[in-house]
Amino acid sequence: MTSTEQLQEQYFSWDPTGDPEFAPLIVGEGSIGGKGRSLLYAMKVLRESDDEKLHAVVLPRSRYIGVQVFRDFIARVPNLEELREKGTPEEIEATFLKIDLPDYVTKALALYLVEMRDPVAIRSSSLLEDSLKYSFAGKYMSPFLVNGDRPIGERVAAVEAQIKRVYARTYFPAALSYRKKHGLGDDSMGIAIMRISGRWRGDFYYPTTAGVGFSFNGRRWTTRIKREDGLIRMVFGLGTMSTKRGYARTYSLTNPFLRPEGSNAYKVMKHSQEHFNAISRETGELTNVDIKEVWRDSFRWHPDFSTYASLYLYDENQGYFSSLDRASIFSPAEGKVCMPFEAFPKVHKKFFTTMSKLMPLLQEKMGTYVDIEFSYEPLEDRLELLQSRPLWIKSIDNPMECPDLAACDTILRADRMVTDGSKEHIPYLVMVDPKIYSTTAEFQAIARALGEMNRHLAPEKYILVAPGRVGSSNPELGVPVRYDEITSTACIVEVGIPKTGHMPELSYGTHFFSDLETDDVLYMPVFQGERDNIYNEVWFETAPFETGGHPAIRLYKGDFSVYMNGDQNLGIVVKNS
């Protein structure tokens, strides 16, 4: 057994119930599941380090419910097998909500909530989430509750209801199809109940910053950084935006001043946050706050607000950034406020110093690359660890060398965010026509037509080419297709077309990219008009194609291949002769 295998064995065999610091946090018997166990293991590693900054990393106030509670609960579900086979998701959830949790769970929740008035998250933590190979990112449910000042009985009942909803998701289509696709059996669900990082700032609850981190940067935007340098994807506000395909600030830990989008002011603005996620006091729900509407008041809560936010001013060229303060005066025609995090690396060097120690240490002790979630209060230098788990990376023993392509038509070429891999002799290429997509409002119809094409072609593989961000929740930025609607893709190519405003977002680390990694789907972004990028419009317009489901969906038949070399940051799609 290698040293790496020994470390992994130690990591996976560690049981928090035997640790005097963590055992009081656990309710019920059995494992607490992947998310919970991995987070507590990470905290154990940080506590045992000899670095004071790592000792100071905070664990959210939390409770963990073992999987035996789930198993006992499931045993009380009437006609479970019939419900699984024939019941709708709504029927499954309604049935689960009628069943009581054990009394000892109710009592433990009451003890936890009696002094916990801040919002809490009820996070899935299943056994199968404790894996080197399967991410399960976004497959289960992790709801939150405002909690607040209601009577303790109401708050306990509300948390119990959310626990049951998480249990029900174990049998929902997203989880069932994912497990079936990967040959996995039934799962058992643990629960992590955690205080949501942040504080009330006026009408909204949120942390100043939050995000995700990776000890391995598998999709470099430049060869000036190394894969082993690590990566941070950070947002202002709740970290929910960092795991979805919205804009975030992406940093290489060893060179945080290098931006994926380059130094062009217009491109930086286009890839900067203009909204942030927070919990609304008025509605008790997650809300998307427009920075342009609240920026002036934000200085009240964030004296260092100009560290994250800047004023972008229009001019006859590409525009430019100017400093921002509470007294800044400008009209919407002159400019707007966005959040490029331009000054953050210089002002908050401590954050990068801590992260450059934290992730390599966790990787060393776990014996594998790591994936973390965090929140950070910069003015207090307070780092809170919200998740730590293995980051699965496909092993490439022999990096691909691109063959002689003189006899092939190069259709697409990329020069960034490329991993190693190749897919040869793919019979189909499916394209979402950028011209049609940019002039229609039928976004959902196009997404569903894409899903229908996926079902029609299965089990055959195809290359998907689309403008902007595939799977975006904002259809103006890209096709809002669900991941389960593109399950037969061998490669996804996102095309950036300046005229239409659709640009790929280099969102490595989102749930979307976790699925790509796990399912061995190649990915590359192509930027029309940029050096070393090719978007062969002539080929797409002259090659024969069929229309499928919607005029925007094109199906090209032939013999296509994809070749990618991560060392060279080169990716190409060719039509074989």
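Select L313 in β13 and Y320 in β14: Y320 is the bridge partner of L313. Strands here are DSSP runs of E with at least two residues, helices are runs of H or I with at least four, and both are numbered from the N terminus. The model is predicted, so local features need pLDDT of at least 70 and side-chain atom pairs count only at pLDDT 80 or more, while totals for chains, interfaces and linings use all residues. Residues are numbered from 1 along each chain as its sequence is written, and side-chain values use heavy atoms, with hydrogens and water left out.

**The sheet around β13**

Extend the selection to residues 310–313, which make up β13; this strand pairs with β14 in the antiparallel sense over three bridges. Two strands count as paired if DSSP finds at least two bridges between them. Within this pair, F321 of β14 is the bridge partner of Y312. The two strands form a hairpin with six residues between them, and G319 in the turn has a positive phi of about 75°.

Add β15 next. It runs antiparallel to β13, with four bridges joining the two, and C338 in β15 is the bridge partner of S310. The three strands form an open sheet in the order β14-β13-β15. β14 (320–322) and β15 (335–338) are the edge strands, each with a single partner, so one side of each has no neighbour in the sheet. The twist averages 35° from one strand to the next.

Now colour β13 by accessibility. S310 and Y312 on one side and L311 and L313 on the other are all buried, so both faces are covered. Buried means under 20% relative accessible area, exposed over 50%, and partly exposed in between (1.4 Å probe, protein chains only).

**The cores**

Select F305 and F351. These touch the most other members of the largest nonpolar core, which has 60 residues. Helix α13 (residues 349–366) supplies the largest share of this core, eight residues. Such a core is a set of buried Ala, Val, Leu, Ile, Met, Phe, Trp, Tyr and Cys residues joined through side-chain atoms within 4.5 Å.

Show the surroundings of F305: leaving out residues up to four places away in sequence, F305 touches F236, I291, W295, S298, F299, L324 and M339. Another core, of 37 residues, lies apart from the largest one and includes I74, V77, I92 and V166.

**Helix α2 and its partners**

Select α2 (residues 33–48) with α13. Their axes come within 10 Å and cross at roughly 110°. That makes α2 roughly perpendicular to α13, a label for angles of 65 to 115 degrees. Y41, A42, V45 and L46 of α2 meet L358, L361, L362, K365 and M366 of α13, where contact means heavy atoms within 4.5 Å.

Switch to α1 (residues 3–13). The axes of α1 and α2 come within 10 Å and cross at roughly 115°. Here Q10, Y11 and F12 in α1 meet R37, S38 and Y41 in α2.

**Backbone exceptions**

Most residues other than glycine have a negative phi, and most peptide bonds are trans. Go to N147, in the loop between β4 (144–145) and α8 (152–169). N147 is not a glycine, yet has a positive phi of about 75°. At 7% relative accessibility, N147 counts as buried.

H425 lies in strand β19 (residues 421–432) and has a positive phi of about 55°. H425 is exposed, with a relative accessible area of 55%.

End at P459, in the loop between α15 (443–457) and β20 (462–467). The peptide bond joining A458 and P459 is cis, with omega about 5°.

Definitions and conventions: Axes are lines fitted to C-alpha atoms, for helices over the stretch in contact, and angles run from 0 to 180 degrees between N-to-C directions. Angles under 35 degrees count as roughly parallel, over 145 as roughly antiparallel, 65 to 115 as roughly perpendicular and the rest as oblique.
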